[in-house]
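Visitor: I've got a few minutes before my next spin finishes. Could you walk me through this structure?

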Amino acid sequence: MIREATIDDLTAMLVLGQKFVDELPETHAAEMDKISSMIQHCINDDNAVAIIAVEDDLVVGALLGIVAETWLSYEVSATEVCWFVDKNYRGKDASKVMKA
């Protein structure tokens, strides 16, 4: 199932976020408090979105996006902040839908 995340999903999204961090190269720094802050922002802000994929009662994928002015003009654009699918669910239905 794909749905918009709520603040009740924060803990499960942080578990998924840790899996994302675990797959990062050592050259990339990540801080869980920053990840938590961004997830909460995307859930709560009208100019952002947090979408999750749920399978087997687990959050197995997430997409965070924002709407903001572009860096080179005052035009507004939607952009992805991040998206990630648990490696155990990649290539399955949730992964395919998150890509669409």
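Guide: Happy to. Keep in mind that this is a predicted model. Let's begin with a cysteine, C82, which at 28% relative accessibility counts as partly exposed.

Visitor: C82 and C42 are both cysteines, so how far away is the sulfur of C42 from that of C82?

Guide: A disulfide needs two cysteine sulfur atoms within 2.5 Å. C82 is in no disulfide, and the structure as a whole holds zero of them. For C82, the nearest cysteine sulfur is that of C42, at a distance of 7.6 Å.

Visitor: Is C42 buried or exposed?

Guide: The cut-off for buried is under 20% relative accessible area. C42 comes out at 2%, so C42 counts as buried.

Visitor: Okay, let's zoom out. In what order do the helices and strands come along the sequence?

Guide: The protein chain has three helices and four strands. Reading along the sequence, you meet them in the pattern β-α-α-β-β-β-α.

Visitor: What radius of gyration does the chain have, set against a compact globule?

Guide: The C-alpha atoms fill a box of roughly 40 × 30 × 25 Å along the principal axes, and buried residues make up 30% of the 100 residues. For a compact globule with 100 residues you'd expect a radius of gyration near 13 Å. The chain agrees with that, at 14 Å.

Visitor: Now the pockets. How much space lies in the largest pocket, and which residues are closest to its centre?

Guide: The largest pocket holds about 330 Å³ of space. There are 18 residues lining that pocket. Closest to its centre are G17, F20, I35, L64 and C82.

Visitor: Which element supplies the largest share of that lining?

Guide: Four elements each give at least two lining residues: α1 (10-23), α2 (32-44), β3 (58-69) and β4 (76-85). The largest share is five residues, and the element they come from is α1.

Visitor: And how many of the lining residues are nonpolar?

Guide: Let's take the smaller groups before the main one. Two lining residues are charged and one is polar. The nonpolar group numbers 15.

Visitor: F20 turned up by the pocket centre. What kind of aromatic pair does F20 make with F84?

Guide: A search of the whole structure finds one aromatic pair. The ring centres of F20 and F84 are 5.1 Å apart, and their planes sit at 90°. Planes over 60 degrees apart fall in one class, so this pair is edge-to-face.

Visitor: How many residues apart in sequence are the parts that this pair ties together?

Guide: F20 belongs to helix α1, whereas F84 belongs to strand β4. The pair therefore ties together parts whose separation in sequence is 64 residues.

Visitor: Which ring residue of the pair counts as buried?

Guide: The buried class takes values under 20% relative accessible area. F20 has 32%, which makes F20 partly exposed. At 10%, the one that counts as buried is F84.

Visitor: One last thing: where are the residues D56 and D57 found?

Guide: Both have a positive phi without being glycine: about 55° for D56 and near 60° for D57. They're exposed too, D56 with a relative accessible area of 61% and D57 with 78%. You'll find D56 and D57 in the loop between β2 and β3.

Terms used. Residues numbered from 1 in each chain as written. Predicted model: local features only at pLDDT ≥ 70, side-chain atom pairs only at ≥ 80, totals over all residues. Heavy atoms only, no water. 1 Å grid on protein atoms, 1.4 Å probe; cavity = no way out; pocket = protein on both sides within 12 Å on 5 of 7 lines; lining within 4 Å. Points joined across faces, edges and corners; volume = space filled by probe spheres on them. Nonpolar A, V, L, I, M, F, W, Y, C, P; charged D, E, K, R; others polar. Phe/Tyr/Trp six-rings, centres within 6.5 Å; stacked < 30°, edge-to-face > 60°. Buried < 20%, exposed > 50% of the residue type's maximum accessible area, 1.4 Å probe, protein only. Rg over C-alpha atoms; globule rule 2.2 N^0.38 Å.
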